[in-house]
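Work through the exercises below with the model open beside you, and try each task before reading its solution.

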Amino acid sequence: MKIFIDTAVLEEIREVKELGILDGVTTNPTLVSKTGKPWKEAIQEILREVPDKPVSVEVVATDREGMKREAKELAKLGENVVVKIPCTEEGLRAVFEMNAEGAGVKTNVTLVFSPLQALLAAKVGATYVSPFIGRVDDISYDGLQVLEEIVSIYEIYGFETEIIAASIRHVDHVRRCAALGVDIATIPYKVIKQMYRHPLTDIGLERFIKDAEKAGISI
Ligand code: G3P
């Protein structure tokens, strides 16, 4: 499973990159607004930090022509730019038309909450699709069950669109994504840091250190 970080905070991206586990970055307008930086500056900094892995950047237009125009502008910012387009009728048409034109824009159909939306994203040739599992949980449905159905539908039909599990809230979401065989999980910084931790590792290490002292081990 590839690990993307779901953030626009440069320091978080840099730290996870230096840990050697970063496969890509996803942003959205909310995440960029939290940085307090002007939008373009924040995106360009991220693209400088991660020039060789996919970086998702979202359009803000909601009409097809506006989305296509923004998508083509965003794609000029770097070869690794992936344009996030909402899963609306206009958004799906924008993805289809850009593919038909051979525009060469990589797309990530976002704000996906159902298997049928994911099916349509694959049909129009999206590069990636982003089901939001945490937000499905928020309305008392099972986000992982939605994801499982999407994974199964994509396997049955051999769709090439890669699935990015998004809106991940805790480590158990990550574990279940990995067990499902999802292509990618985009994970907030805080959750990535929690993935390293286990209380038995801390207890075990403490005991080894004490015993090493007792045994007079020094290397
Ligand atoms: O990047 C999109 C998605 O991951 C948003 O997550 O926590 O705002 O539902 P959240």
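The exercises that follow go from the whole chain to the ligand site and then to single residues.

This is a predicted model, in which local features need pLDDT of at least 70, side-chain atom pairs count only at pLDDT 80 or more, and totals for chains, interfaces and linings use all residues. Residues are numbered from 1 along each chain as its sequence is written, and side-chain values use heavy atoms, with hydrogens and water left out.

**Exercise 1. Describe the overall build of the protein.**

Start with the secondary structure: the protein has 11 helices and eight strands, where helices (H or I, at least four residues) and strands (E, at least two) are DSSP runs numbered from the N terminus. Next, take the extent of the C-alpha trace, which spans about 70 × 40 × 30 Å along its principal axes. Finally, 44% of the 219 residues count as buried, a class that means under 20% relative accessible area, with exposed over 50% and partly exposed in between (1.4 Å probe, protein chains only).

**Exercise 2. Find which residues surround the ligand, and sort them by character.**

The shell consists of D6, N28, K84, F132, R135, A166, S167 and R169, each with a heavy atom within 4 Å of the ligand. Sorted by type, this shell has two nonpolar, two polar and four charged residues; here Ala, Val, Leu, Ile, Met, Phe, Trp, Tyr, Cys and Pro count as nonpolar, Asp, Glu, Lys and Arg as charged, and the others, Gly among them, as polar.

**Exercise 3. Examine the polar side-chain atoms of R135, S167 and R169: how far does each lie from an oxygen atom of the ligand?**

For R135 the distance is 2.6 Å, for S167 it is 2.7 Å, and for R169 it is 2.8 Å. Each pair is a polar contact, that is, a pair of N or O atoms within 3.5 Å; within protein, one must be able to donate a hydrogen and the other to accept it, and residues adjacent in sequence count only if both atoms are side-chain atoms. As for cover, the ligand taken alone exposes 300 Å², of which the protein buries 83%, with areas from the Shrake-Rupley method and a 1.4 Å probe.

**Exercise 4. Identify the residues with a positive phi and compare their settings.**

Begin with the background: most residues other than glycine have a negative phi. L111 nevertheless has a positive phi of about 60° without being a glycine, and S167 likewise has a positive phi of about 60° and is not a glycine. L111 lies in strand β5, residues 106-112, whereas S167 is found in the loop between β7 (162-165) and α9 (171-180). L111 counts as partly exposed because its relative accessibility is 31%, while S167, at 9%, counts as buried.

**Exercise 5. Is T161 buried or exposed, and which backbone oxygen does its side chain approach?**

T161 is found in the loop between α8 (143-157) and β7. Its relative accessible area is 5%, so T161 is buried. A polar atom of the T161 side chain lies 2.7 Å from the backbone oxygen of A126.

**Exercise 6. Set sequence separation beside distance in space for two residues in helices.**

V146 lies in helix α8 and counts as buried at 16% relative accessibility; V146 and R176 are 30 residues apart in sequence and 12 Å apart in space, C-alpha to C-alpha. C177 is found in helix α9 and counts as buried at 0% relative accessibility; C177 and A75 are 102 residues apart in sequence, and their C-alpha atoms are 29 Å apart in space.
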